[in-house]
Amino acid sequence: MKKYELLTIFKPNLDAEEVDKLIERISAVVVEFGGSVESTDKAGRKKLAYEIQNFRDGYFSTSILSLPADKIAEFKRQLRLNDNILRTMFLEVSAKASV
């Protein structure tokens with residue numbers, strides 16, 4: 001399994017408890033798919049560079065996770081189906097080069 005970084009921006013009209021529940025739900029989906037979540041960093045509410053779905057700010061969360069390669073497409077589909085998520089960025093984490 002490879003490591004991935006998931007940046008998620010949630011709608012700003014949610015309260016902190018709802019955002020925490022959504023983050024837990026995303027972690028549960030990762031575990032369902034046979035992966036694991038190593039860490040989650042909640043950056044809080046921040047202003048966006050431009051409007052997304054008529055919102056000027058959103059709640060940011062970053063997670064480091066491991067997923068089997070065959071489950072990535074379905075995981076991304078699950079994220080797109082969630083109406084409370086404004087935007088996601090899903091990146092593969094590469095090993096740091098030693099200098």
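**Exercise 1. A salt bridge within α2**

Is Arg77 buried, partly exposed or exposed? Determine this for the predicted model, then characterise the salt bridge that Arg77 forms.

*Solution.* Step 1: the relative accessibility of Arg77 is 37%. Buried requires a value under 20% and exposed a value over 50%, so Arg77 counts as partly exposed.

Step 2: the salt-bridge partner of Arg77 is Glu74, and the closest N and O atoms of the pair are 3.1 Å apart. This distance lies within the 4 Å cut-off for a salt bridge.

Step 3: Glu74 has a relative accessibility of 30% and is likewise partly exposed.

Step 4: both residues belong to helix α2, where a spacing of 3 residues places them about one helical turn apart.

**Exercise 2. A salt bridge between two elements**

Which elements does the salt bridge between Lys42 and Asp20 tie together? Establish also how exposed each partner is.

*Solution.* Step 1: in the Lys42–Asp20 salt bridge, the closest N and O atoms are 3.1 Å apart.

Step 2: Lys42 is located in strand β2 (residues 36–52), whereas Asp20 is located in helix α1, so the salt bridge ties together parts 22 residues apart in sequence.

Step 3: Lys42 is exposed at a relative accessible area of 51%; Asp20, at 29% relative accessibility, is partly exposed.

Step 4: the structure as a whole contains 6 salt bridges. Another one of them joins Glu32 to Arg25, with 3.3 Å between the closest N and O atoms. Glu32 is exposed at 55% relative accessibility, and Arg25 is partly exposed at 43%.

**Exercise 3. Strand pairing around β1**

How many bridges join β1 to β3, and how many join β1 to β4? Give an example of a bridge partner in each case.

*Solution.* Step 1: β1 and β3 run antiparallel and are joined by 9 bridges. Lys3 has Ser66 as its bridge partner in β3.

Step 2: β1 and β4 also run antiparallel, with 7 bridges joining them. Here Leu6 has Phe90 as its bridge partner in β4.

**Exercise 4. The nonpolar cores**

Which element gives the most residues to the largest nonpolar core? Describe the make-up of this core and the surroundings of Phe10.

*Solution.* Step 1: the largest nonpolar core comprises 19 residues, and those with the most contacts inside it include Leu6, Phe10, Ile26 and Phe90.

Step 2: two or more residues come from each of β1 (2–10), α1 (16–32), β3, α2 (72–81) and β4. The leading contributor is α1, with 6 residues.

Step 3: beyond its neighbours within four places in sequence, Phe10 is in contact with Val19, Leu22, Ile23 and Ile26, and also with residues including Tyr59, Ser61 and Leu86.

Step 4: apart from this core lies another, of 6 residues, among them Ile9, Leu48, Ile52 and Phe60.

**Exercise 5. Two buried strand residues**

Are Ser61 and Leu86 buried or exposed? Locate each residue and list some of its contacts.

*Solution.* Step 1: Ser61 lies in strand β3 (residues 55–67). Its relative accessibility is 3%, which is under the 20% limit, so Ser61 is buried.

Step 2: outside its neighbours within four places in sequence, Ser61 has contacts that include Leu6, Phe10, Ile23 and Lys42.

Step 3: Leu86 lies in strand β4 (residues 85–92) and is buried at a relative accessible area of 7%.

Step 4: residues up to four places away in sequence aside, Leu86 touches, among others, Ile9, Phe10, Leu48 and Ile52.

Step 5: Ile72 is 14 residues from Leu86 along the chain, and 19 Å separates their C-alpha atoms.

Terms used:
Residues numbered from 1 in each chain as written. Predicted model: local features only at pLDDT ≥ 70, side-chain atom pairs only at ≥ 80, totals over all residues. Heavy atoms only, no water. Helix = DSSP H or I, 4+ residues; strand = E, 2+ residues; numbered from the N terminus. Buried < 20%, exposed > 50% of the residue type's maximum accessible area, 1.4 Å probe, protein only. Contact = heavy atoms within 4.5 Å. Core = buried A, V, L, I, M, F, W, Y, C linked by side-chain atoms within 4.5 Å. Pairing = 2+ DSSP bridges. Salt bridge = Lys/Arg side-chain N within 4 Å of Asp/Glu carboxyl O.
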